[in-house]
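Q: I am new to this structure and would like a close look at a single part of it. Please pick one part, describe it, and then follow what lies around it.

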Amino acid sequence: IHGGGNVFGSAGECCVEDLARKANIVIVVVQYRLGVLGFFTHPALRADSNDIEDSGNFGLLDQIKALRWTKQNIASFGGNPFNVTIGGHSAGGHDVAQLTICPLANGLFHRAFDQSGGWLAQSRYSIDETATRTITYALMSDDKVNDPLEAERLLHKMPSSRIVSMLRSVPAKELLHAHNCHTDNSFPVWAFVIEDGVVIPGPLFRVIESGRYSRVPTMITFTKTESGSDHIAIGPLYPGMADYRRLMEVARGDTDLDAVLPTERDRLLWLKARHYGSCFYRVLADEHARRLRMHQDNVYVSSFNWGWEPVNPSDVEFIFGACHCIDLPFLFGSLDREETWKGFGPMFNEFSDINL
């Protein structure tokens with residue numbers, strides 16, 4: 001299950017051919033709905049029902065559909081329907097963890113591999129707030145109102161049937177734009193799996209503690225400095241420190257580190273941001289494993305520590321370290337493939353010509 005915050009990425013970006021050949025396994029890469037089209041709900045859409053289609057977890061339901069297809073058809077491709085491992089990186093790892101507590105996915109897989117999926121699902125209350133903001137911006141883009149407050153007042157007066165009609169009539173491009181308007185527009189709104197009570201019965205750790213989940217051998221991994229490639233780690237700690245794009249200029253050799261992080265304080269703040277952002281993944285991996293160990297012994301956790309020392313031990317290693325996604329080419333055995341690097345975001349686009 002490919003990563004990308006559940007808002008971007010595609011099956012075609014996963015270079016799994018070498019892994020399939022070397023390990024003699026059959027690999028199915030899943031294409032699933034993303035963003036507002038994959039993980040979205042609102043009280044007007046649910047109609048107070050517990051129907052699966054009202055869950056809002058459309059992207060996860062796509063993954064379950066792929067698992068059912070695999071069970072029914074993989075033997076025709078040389079695979080074993082009774083030996084299925086689900087694996088995913090980042091958002092894909094997040095989805096893997098949620099699939100283990102999803103009743104609809106029970107029995108469809110036999111092992112789980114959660115790679116850097118250090119996120120938890122969102123409650124209905126949280127997604128309803130996000131959905132309300134999305135609808136208000138959709139009303140504004142439709143030239144019905146001029147500002148968010150006016151749009152919100154109009155929304156509160158609209159009957160559920162009219163809200164549903166409006167959402168289903170908005171072109172996908174406009175809906176995506178409206179959904180991303182309540183950020184700084186530099187990055188899409190992350191799409192987390194929704195705790196709807198049906199597809200996802202409750203919070204991940206609580207469900208695991210109850211024992212009502214798929215007890216399969218599970219591997220959980222993270223990298224030593226996950227946030228080395230994560231520009232989100234910069235802003236909360238020190239907004240004025242450095243633009244992530246400037247750090248990319250350093251990595252490309254267009255400028256030096258002194259021009260971007262000129263003082264010892266600047267460098268210390270970057271290291272702190274990188275460290276504490278990475279701790280988030282480590283803590284969630286540890287907490288996840290602890291819950292699983294309450295009911296099973298076959299739980300494995302690993303940290304990937306390879307950094308950039310062989311490439312550039314000074315600047316590149318200082319910025320990124322063993323960052324988010326760097327373990328993927330090693331897993332896939334595709335270090336020499338240019339498309340491997342291009343599939344994992346802007347950082348790897350810059351390093352596609354590095355000879356590792």
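A: A residue is called buried under 20% relative accessible area, exposed over 50% and partly exposed in between, using a 1.4 Å probe and protein chains only. This is a predicted model, in which local features need pLDDT of at least 70, side-chain atom pairs count only at pLDDT 80 or more, and totals for chains, interfaces and linings use all residues. Residues are numbered from 1 along each chain as its sequence is written, and side-chain values use heavy atoms, with hydrogens and water left out.

The part chosen is helix α8, residues 160–169. Helices (H or I, at least four residues) and strands (E, at least two) are DSSP runs, numbered from the N terminus. In α8, the buried residues are Ile-163, Val-164, Met-166 and Leu-167. Seen down the axis of α8, these residues fall within an arc of 165°, so they line one face of the helix. The arc is taken from the directions running from the helix axis to the C-beta atoms. An α-helix has 3.6 residues a turn, so residues three or four places apart point the same way. On the face of α8 turned away from the buried side are the exposed residues Ser-161, Arg-168 and Ser-169.

The cover over the buried residues of α8 includes α3 (43–46), α6, α7 (148–157) and α9. Two of these helices also pack on each other: α6 (residues 124–141) and α9 (residues 172–180) meet at an angle of about 120°, with axes 8 Å apart. Here axes are lines fitted to C-alpha atoms, for helices over the stretch in contact, and angles run from 0 to 180 degrees between N-to-C directions. On the α6 side, Thr-130, Thr-134, Tyr-137 and Ala-138 make the contact; on the α9 side, Leu-175, Ala-178 and His-179 do. Contact means heavy atoms within 4.5 Å.

Helix α6 also holds Thr-136, which is buried with a relative accessible area of 5%. Not counting residues up to four places away in sequence, Thr-136 touches Ala-151, Glu-152 and Leu-155.

The loop between α9 and β4 (194–195) contains Phe-192. At 23% relative accessibility, Phe-192 counts as partly exposed. Phe-192 and Gln-122 are 70 residues apart along the chain, and their C-alpha atoms are separated by 5.9 Å. With neighbours within four places in sequence left aside, Phe-192 is in contact with Phe-39, His-94, Trp-119, Leu-120, Ala-121 and Gln-122.

One of those partners, His-94, is among the buried residues of helix α5. That helix, residues 91–99, is mostly covered, with nine of its nine residues buried. Its cover includes the helices α4 (58–73), α10 (204–210) and α14 (264–292), together with the strands β1 (85–89) and β2 (111–115).

As for the whole protein, it has 18 helices and six strands. Buried residues make up 49% of its 356 residues. Of the contacts between residues at least 6 apart in sequence, 71% join residues at least 24 apart.
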